[in-house]
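Hi everyone, thanks for making time for this. I'd like to walk you through one small model and point at a few places on it as we go.

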Amino acid sequence: MTARPEVGDDSVPALARGVRLRFDQARDAWVLLAPERVLMPDEIAVAILERCDGKATVGAIVEDLA
């Protein structure tokens, strides 16, 4: 059984290498671009993903969105 990584208030989330959050003019929507994939996150997911910059902690993101 593989151990799950624990995420705490001091964890610093970031998008994986090669993954980008972009506004797609053609779709008039935010998209998450990954190798050979395009995901369309909802408004709540976009608000969270915009803050996953590799600098902000989970606690700071939660506080900002609360």
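I'll start with the overall fold, then move to the core, the loops and the two ends of the chain.

Please keep in mind that what you see on the screen is a predicted model.

Let's begin with the layout. The protein has 2 helices and 3 strands, and from the N terminus on they follow the order β-β-β-α-α. The radius of gyration is 14 Å, well over the 11 Å that the globule rule gives for 66 residues, so the protein is more spread out than a compact globule. If you turn the C-alpha trace along its principal axes, it spans about 35 × 35 × 20 Å.

How much of the protein is buried? Of its 66 residues, 18% count as buried. The accessible surface comes to about 5600 Å², and carbon and sulfur atoms account for 52% of that. For those of you who think in charges, there are 8 positive and 12 negative ones, and the mean positions of the two sets lie 9 Å apart. On contacts, take the pairs of residues at least 6 apart in sequence: 38% of those contacts join residues at least 24 apart.

Now to the inside. In soluble globular proteins, nonpolar side chains tend to be buried together. Which residues make up the largest nonpolar core here? There are 5 of them: Val19, Leu21, Leu32, Ala34 and Leu49. Look at valine 19 for a moment. Leaving out residues up to four places away in sequence, Val19 touches Leu32, Leu33 and Ala34, and two of these names, Leu32 and Ala34, are also on the core list.

Next, find valine 46, which sits in helix H1, residues 43-49. Is valine 46 buried or exposed? Its relative accessible area is 8%, under the 20% cut-off, so valine 46 counts as buried. Its contacts, again without residues up to four places away in sequence, are Leu21, Trp30 and Pro41. Leu21 is one of the core residues I just listed. You can also check the distance from valine 46 to valine 31: they are 15 residues apart in sequence, and their C-alpha atoms are 8.6 Å apart in space.

Let's move out to the loops. Most residues other than glycine have a negative phi. Here are two places to look at with that in mind. Aspartate 28 is not a glycine, yet its phi is positive, about 55 degrees. You'll find aspartate 28 in the loop between strand E1 (20-24) and strand E2 (29-34), and it is exposed, with a relative accessible area of 59%. The second place is glutamate 36, with a positive phi of about 60 degrees, although it is not a glycine either. Glutamate 36 lies in the loop between E2 and strand E3 (37-39). At a relative accessible area of 86%, glutamate 36 is exposed.

While we're at the loop between E1 and E2, glutamine 25 is there too. Glutamine 25 has 68% relative accessibility, so it counts as exposed. From its C-alpha atom to that of aspartate 53, 28 residues along the chain, the separation is 22 Å.

Last stop: where do the early and late parts of the chain come into contact? Proline 13 is in the segment before E1 and counts as partly exposed, at 25% relative accessibility. Beyond its neighbours within four places in sequence, proline 13 is in contact with Cys52, Asp53, Gly54, Ala56, Thr57, Val58 and Ile61. The C-alpha atoms of proline 13 and threonine 57 are 6.9 Å apart, with their places 44 residues apart along the chain.

Coming from the other side, valine 58 belongs to helix H2, residues 58-65. Setting aside residues up to four places away in sequence, valine 58 touches Val7, Gly8, Asp9, Ser11 and Pro13. Aspartate 10 is 48 residues away from valine 58 along the chain, but their C-alpha atoms are separated by 6.1 Å.

That's my tour, and I'm happy to go back to any of these spots on the screen.

Definitions and conventions:
Residues numbered from 1 in each chain as written. Predicted model: local features only at pLDDT ≥ 70, side-chain atom pairs only at ≥ 80, totals over all residues. Heavy atoms only, no water. Core = buried A, V, L, I, M, F, W, Y, C linked by side-chain atoms within 4.5 Å. Buried < 20%, exposed > 50% of the residue type's maximum accessible area, 1.4 Å probe, protein only. Contact = heavy atoms within 4.5 Å. Helix = DSSP H or I, 4+ residues; strand = E, 2+ residues; numbered from the N terminus. Rg over C-alpha atoms; globule rule 2.2 N^0.38 Å. Areas by Shrake-Rupley, 256 points an atom, 1.4 Å probe, with all protein chains shown as cover. Lys, Arg positive; Asp, Glu negative; His and termini not counted. Charge placed at Lys NZ, Arg CZ, Asp CG, Glu CD.
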